Each structure stands twice: as structure tokens, then as C-alpha cells.
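Subject: Structure for your review

Dear colleague,

Please find below the structure that I am passing on to you. My notes on its cavities, a pocket, one helix and two individual residues follow.

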Amino acid sequence: METEEQDSDESFADAEVGSTGSLDVINVDIDQDDNRATGHIGKASSVAWAKRTAEECSQTSHQETTLGRHDTGFTLASYHTEDADVEYVDTSNIDPYEWPETKDAERLIQSYFDHVHNTLPILDKAVFMSKYHQFTKGSDNLGIEDSIWLAMANTVFAISSVYFDLTKDPDRGSHQDHLIYCARAKTLFLDQGLLYQDARISTTSALGLLCLYFITTCRLNRAWTFCGLAIRYGLTLGLHVRSEAQDLSDVEKEHRVRLWWSLYSLECSLNELTGRPSCISDRDISTPLPLNIDEDDFQPGQSLYEKPKQGQQSGSSSRRTSKSPKGKSTHLLGLQYANLPARPSATYQMPTGVSQPLAYTFPIFPLPLTPSTYFIYRIQLGILSHEIVTQLYCAATIKERWTDVQETIRRIDRRLLTWRDKLTTDFDITFEDTWTAPDWDDPSILSRMGLAMQFFSSRMILFRPCLCRFEGRMKNQSENSIDFNQEAVETCIRSARKMISLLSWSASSPQKLYAITPWWNTLHYICEALSVLMLEMAFKVTHVPNEAAYILDDAKKGINWLAMMAEQSVSARKAWEIFDSLIRLVAPMIRWSVFDMPT
């Protein structure tokens, strides 16, 4: 059997036989007016998947669609918001020192900490709130730190305003409010040259917040730029490596750890949304994961980390523990280094095709439930997602043999499944019963659903290279390779269907859809799942022929949700137009109709 596999085509065929072909080329000039606003869109993005569907429709059914035949199809297939989509607001006379009414400011801040902070703790909450209560509102005589803080406050206001608009909050202000708050932040932070000052923790946090704001408004090119700046600032400050600075308290170190992993999470999200390569190398990271402790329990001068024993090497002094409710010391990092001669990088990834164990492993026991648990689990899953993008969707991948790509997919999926199986019961994400709605009284239900959606998104991206036509590309493929490709495609499609199933429980209104954290990813998750389902229908459901009716029904649900979301979101409207057009092309290819769908 081994000799048979060595002689089969997959042992010699390169990765271009899968859907990741052409990773190393670009066929349009991005520096043109039609393309510049969209920018380069890589293969990991659902935008590229939607364009691939349109191309398949044009090739197999000769149906005309601008998405497939136009050279700038990425632009036409992109649902991302561009500057031309944003309503013009005259900001020339905006006073950057003006504040909203006190009750409005407090409501916006509370919403931010309720709906954003536990997912991305970019801010030091205690320091931010202390400054808020002490700040002289309306003062225009500000130092550097005060100007940066006020810029951050306005960005917080802007993010919460976007959330209020999307959820149709009855007490929301004007739909232009977030643009005004952002303009104030820009004036305070960018126009005064603070960006050209030496890196500070405050400027790094401000850049991270601006990145998040542009993600919430789906202006991904701007988010991409600010994320890159924030990470460069973080690297300048050494946030990516373990801190043993004696003049920093443990609480300050912990906040810097959380800031770094927040930026890392933003970068991973943007890598997937745009398909562009990451500016972070996991091998350069040695900073540990956050402690599994409620941030509200931090006290000034509190000791959080174990001190190195006499004679212990400093390189191992960051093995961090905290006390469990029973007073028992437990490792909460999710990192185990038994039998290792020295501590490696926390997120070290092996090169493609290397089957040795990775240095980063997950906890052998569930984490105790705290407000920080969700963030830690999201980081762990983000590290795996980052590995998928950097190893399967980089230009060098096409030089790999298809057998190596298959082995990389197997290895990463084993890690994903191990991570899922080690979750605490409070964060169970299996949701095996798809017919019965979850228990909405469960305090962890929204976090569980958010983790489940991130998990199934990762598996869609992981197995997407196998969702293609292998016919004619490998004539002498081994049975094992054929079986793997088929199982991979089925996993990709069923992950998309699982995403739709998860969302269907909360899709009765925008308020419920956006209640799942992180709410700024909801639209992208829907588009990702729809892209997979549409592509399989464009392939005439050859991989799962018995599921044709279910796939079409799931696609209809997703498109109807986009129509519902379109009232408050430019990107949702663009996404609805794209996928509504695509489903009318692919449905006849599987001999079904969509006459029951609104136009």
C-alpha cells in the first residue's frame, strides 16, 4: 500500500491541483481606480470564494455574470465597505474636544465594556474608567497622554454607536454619530502628529481601537493599515516577548499581555477576511497567554506570577499560576513544557510537511470559568487559525506536494479537534441537537456560540483547498488520497451548514444576530458559509449529492438574513446583492428554483 501511494499522482502533483492554485500570482493591476479601494484579496477570503463560484457558473453553464468574467471580479464580488459607500459628513468644523451628553457617554462606554471588552481587552479598564471620572470635559489644553486618551474615548464612542445602529437600539442617536466620533479621534490622534512620536502603550491601544472600529464598519483596508501600525508599535515595545522587567508590576505586565493578544486576534481576523499574509511570525512570540483571572479582581501591586526559585534560570520564570477557588495552584496558560530542555516560543509552528509535535499544546484539563476564559479560548483557536492561513495559503504552498498539503490539513485538524475536546463543559461547542434551540438562560450560551462559529469558520478555511474539481488533474490517485479529499470536502460543507444552523436560532432579528460575540464577525461568518454552499452548488453538488435540497435551503436562509441586516449595514446590502445574484445562477444547476425568494 505504501509503494502504491508513493507511485500515485498525489505524491508528485503540487498544491495547485487543489483550490489554492495561483496563490503566487496576481492577474490585475491593483493600483487602478476600480481596484484600489478593494485591494488585493487572497485565496483565504470568502470574497475570493464567491468570485470562484461566479467563474464556475460562467464556465459550466455559460451564464453571464460580471462577477465571473470581469477582470476586476474581486472588486465586484467584494461586500466590504469602501469610502464611496460611506455617506459624506462635513467634519471641517468638528470640535475634537466636544463631549456627548454625560448620560450618552456613560451608556456608550458601558455598551463597549458589555459587548466588546471581554472579547478584545485592548483597554486597561480600571485605568480608562479612572481617567474618565477625573477628566476635565471640554478642556482643550491637553498633554500628549490626555489627547491620546480622549482619542481612545471617542473611538469607544464610535464603536458603540455602530453597535447601536446595527441592533436598532431604540435610544440610538444619529446614524452619522460614529463618523463624527471617529473624526474627533482622528483630529486628536493623527492630525496632531502623535502617530510620529515614539511608541507608547497608549498609542498602541489607540491604534488597536481604530482598527477594531474600521472592522465593525467593514472598512477592511483601513482596518488592515491600522492593525499593521498597532502591531509594529507593539513589537517596538516588546509586547510579543516575555517581560521580566522589575519596574513593572504584575498587573501592568498582565494588561500588556492582553493588549498583545488582542492585536494578534485582530491580525488573525483580518488575514482571513482579506486573504492577505500576516505580518506576525509565531516563532517570534514568547509572551504567555493571559491569566485566567477576572480583570475586575486585579489590585494595585498584586502578585500574579510565581517568582523564580533561587538558582532557577530566568528563561523559565514566567511559568505563571493563579489560585483556583479552592486555593489549589493550577497552570492556566494552556502551555505544557514537560521534558523540554528549554522553553520554546509559545506559538512555534513547524514547517509544512513536518510531522513532529508542535511546542504549543492545549490544557490537559478544562479552564475554570472566569470572565477571561472566553478570551483565552479565542486566542488558542486564533493561533490555530493563524497556522492555517500561514501554512496553507502562502505563496510557497504551491511548491509543496499535494500529499504534504494533505498531511498539513490532517495535523492542524487534529489540533483543532483536540482543542474542542478539551474545552470545559461550560464552553461546550458541539451543539449536536440542531433541532432544539439552546438554553438562552445559560450565561455562557452567547460565548459558546461565538466560539463554535469561530471553530467552524476555521475548519471551512482549513478544508477549503479540497473543495474543487480534481478530475483530470490527478489521473492515478490512490484510494487513500481520494478518500481524504472526499472527507475534507464533506467537512468543509458541513461546517458551513453548521454555521447556518447556529445562526438560525438567533436570526429572528438583527438584535439577536448581533448578540453573539464577536458581533463584528457575524456578517463575515454568514458570507463565508454562503460562499462554500454556493461553490458546491456550482459544482452541481457532486461531492454531497444527497444534501442538495438542504444546501439550497441553508443558502436561502443566509441570504434572507443578509436582506434583514441590509437595512442598517452597507456591507450587508452589498453582500445580499452578491449572493442573491449567485443563488439565482447556481440553483438551476442543481435543478432547483428560487422563485420563492424576494427580489
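I begin with the lining of the second largest cavity, which by class has 2 nonpolar, 2 polar and 2 charged residues. Please bear in mind throughout that this is a predicted model.

Internal cavities

The residues that line the second largest cavity are S46, Y79, E272, L273, H524 and E528. Helices α12 and α18 each supply at least two residues of this lining, and the volume of the second largest cavity is about 30 Å³.

A search of the whole structure finds 2 cavities of 30 Å³ or more. The largest cavity has a volume of about 310 Å³. It is lined by 24 residues, of which S265, S269, R378, Q454 and N521 are the closest to its centre. Four helices each supply at least two residues of the lining of the largest cavity: α12 (250–274), α13 (373–392), α15 (445–463) and α18 (522–538). The largest share of that lining comes from α12, with 7 residues. By class, the lining of the largest cavity comprises 11 nonpolar, 10 polar and 3 charged residues.

The second largest pocket

Turning to the pockets, the second largest has a volume of about 730 Å³. Its lining consists of 28 residues, and D124, K125, V127, F128 and H255 are the closest to its centre. The elements that give two or more residues to this lining are α7 (125–134), α8 (144–166), α10 and α12. Here α12 gives the most, with 6 residues. The lining of the second largest pocket has 13 nonpolar, 6 polar and 9 charged residues by class.

Helix α11

Helix α11 covers residues 220–236, 17 residues in total. From its first C-alpha to its last, α11 reaches 24 Å, close to the 24 Å expected at 1.5 Å a residue. The buried residues in α11 are L220, A223, F226, C227, A230, I231, Y233 and G234. Seen down the axis of α11, these buried residues fall within an arc of 160 degrees, so they line one face of the helix. As general background, an α-helix has 3.6 residues a turn, so residues three or four places apart point the same way. The cover over the buried residues of α11 includes α10 (201–216), α12 and α18. After α11 comes G238, whose phi is positive, near 75 degrees.

Two individual residues

Is R448, which lies in helix α15, buried or exposed? R448 has a relative accessible area of 13%, and it is buried because this value is under the 20% cut-off. Leaving aside residues up to four places away in sequence, R448 touches D426, F427, D428, I429, F431 and D442.

G301 is found in the loop between α12 and β1 (321–323). The relative accessibility of G301 is 64%, so G301 counts as exposed, the cut-off being over 50%. G301 and S249 are 52 residues apart in sequence, with 6.1 Å between them in space, C-alpha to C-alpha.

In going through the model, you may wish to start from α12. This helix gives the largest share of the lining of the largest cavity, gives the most to the lining of the second largest pocket, and is among the elements that cover the buried residues of α11.

With kind regards

How values were computed
Residues numbered from 1 in each chain as written. Predicted model: local features only at pLDDT ≥ 70, side-chain atom pairs only at ≥ 80, totals over all residues. Heavy atoms only, no water. 1 Å grid on protein atoms, 1.4 Å probe; cavity = no way out; pocket = protein on both sides within 12 Å on 5 of 7 lines; lining within 4 Å. Points joined across faces, edges and corners; volume = space filled by probe spheres on them. Nonpolar A, V, L, I, M, F, W, Y, C, P; charged D, E, K, R; others polar. Expected span 1.5 Å × (residues − 1). Buried < 20%, exposed > 50% of the residue type's maximum accessible area, 1.4 Å probe, protein only. Arc of directions from axis to C-beta. Contact = heavy atoms within 4.5 Å.
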